[in-house]
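Student: I would like a close look at one part of this model, the place where two helices pack against each other. Please take me through the contact and the charged pairs around it.

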Amino acid sequence: MKYARSEAKDYARENMRGIWAAALNPFNVDQSFNEAGLRSNIRHWIDDLDIQGLFIAGKQGEFFSMSLAERKRNFEIAVDECGGKAGTIMSASDQNFDTVLELARHAQDCGADYIVVHAPVLHFVTDPDDTVYNYYKTICDQVDIGIAMWSHPDSGYLMSPELCARIADLPNIVAIKYSVPRDMYVKLTHMVGDKIHVSTASEVEWLDNIEALDWKLYLCSSPPYQLQTKVDRRMHDYTQAAFSGDFATARRIRDSLDPVRDAIKRTKPGGKPQAHGKYWQELLGQAGGPVRSPLLQLTDAEKEATLQAFETCGLKL
């Protein structure tokens, strides 16, 4: 641990900044975990794309198909490859609460910077606020590592800004990935000030949120390594322009990526986000591979459509 529990907020305020990406996990043809491929991807993301931090073993990474041992190994590889050059936030999300705590403690012990925990799916609950508060408080009481909340429709409900602000007072809550309508995350941003980082995974909203809300953290999804290459780092460039206050330049660079965004959006089958993301990574020269069962693989026709869109989207390789 680089900080004490009481220092978590201050540490995150100073160090949890810039573009953080959510890692897809590469698997081999036999669906085993491709450790070498992940290491190669991480080196590219940090060294070539200058990504500031990585979200490990989340929904993008198919954690739901991984064993507990694999998830722990996933943490260890990320810490090892980041080597202090980039931050790490490990997904300890799980429906089994003992598993959440075991993963949180492993992240803390292996040298991760933070963890993220998805709001739980609740059964028979119609008024979730006190239960969800107690959920996060219990985790905070058990570990010292900084914790990011994550509210998303997958839970079956959205955490209100008022609930998030209440949880934000806990000593080692440092951020929230708030996958909600804009009016909700704007309200929360104004409620918490700089107490915690508020972020959302939408890349198309990132620049506007730097300008309008003074956001310092993109937390996080796959665009940072799908919209960029070693010789074409436009997301990085528009972010840096915005951070320096040159919003006209930032908007011009951001808007130039519209053909890339469109190519991804119009070729991504609704039920196959991970499979499409991995194939796009392969076209970029990164390790991808198949998704694990029961997720669906791309068909040959879907791959061909994606390839054609990729070749004409304007990304420089």
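Tutor: A salt bridge here is a side-chain nitrogen of Lys or Arg within 4 Å of a carboxyl oxygen of Asp or Glu. The model is predicted, and it holds 29 salt bridges by that criterion.

Start with the packing itself. Two packed helices are described by the angle between their axes and the distance between the axes. Helix 2, residues 35-48, packs on helix 3, residues 68-82, at an angle of about 40°, and the axes are 10 Å apart. That angle makes helix 2 oblique to helix 3, since angles under 35 degrees would count as roughly parallel. The crossing of helix 2 over helix 3 is right-handed.

Next, the residues that meet. Helix 2 contributes Glu35, Leu38, Arg39, Ile42, Arg43 and Ile46, while helix 3 contributes Arg73, Asn74, Ile77, Ala78, Asp80, Glu81 and Cys82. Sorted by class, this contact has six nonpolar, one polar and six charged residues.

Now the charged part. Side chains of opposite charge can pair when their charged atoms come close. One such pair is Arg73 and Glu35, which form a salt bridge with their closest N and O atoms 3.3 Å apart. Arg73 lies in helix 3 and Glu35 in helix 2, so this pair ties together parts that are 38 residues apart in sequence. Arg73 counts as partly exposed because its relative accessibility is 30%. Glu35 is partly exposed too, at 29%; the partly exposed class lies between the 20% and 50% cut-offs.

Arg43, also part of the contact with helix 3, forms a salt bridge with Asp47, the closest N and O atoms being 2.9 Å apart. This pair stays inside one element: Arg43 and Asp47 both lie in helix 2, four residues apart, which is about one turn of the helix. At 24% relative accessibility Arg43 is partly exposed, and Asp47 is partly exposed at 39%.

The pair of Arg43 and Asp47 does not stand alone. Arg39, Arg43, Asp47, Asp80, Glu81 and Lys85 are linked in a network of salt bridges. Of these, Arg39 and Arg43 are among the helix 2 residues in the contact, and Asp80 and Glu81 are among those of helix 3.

To sum up, helix 2 meets helix 3 obliquely, with a salt bridge between Arg73 and Glu35 and a network that includes Arg43 and Asp47.

Conventions:
Residues are numbered from 1 along each chain as its sequence is written. This is a predicted model: local features need pLDDT of at least 70, side-chain atom pairs count only at pLDDT 80 or more; totals for chains, interfaces and linings use all residues. Side-chain values use heavy atoms; hydrogens and water are left out. Axes are lines fitted to C-alpha atoms, for helices over the stretch in contact, and angles run from 0 to 180 degrees between N-to-C directions. Angles under 35 degrees count as roughly parallel, over 145 as roughly antiparallel, 65 to 115 as roughly perpendicular and the rest as oblique. A crossing is left-handed if the near helix is turned anticlockwise from the far one by less than a right angle, and right-handed if clockwise. Contact means heavy atoms within 4.5 Å. Ala, Val, Leu, Ile, Met, Phe, Trp, Tyr, Cys and Pro count as nonpolar, Asp, Glu, Lys and Arg as charged, and the others, Gly among them, as polar. Buried means under 20% relative accessible area, exposed over 50%, partly exposed in between (1.4 Å probe, protein chains only).
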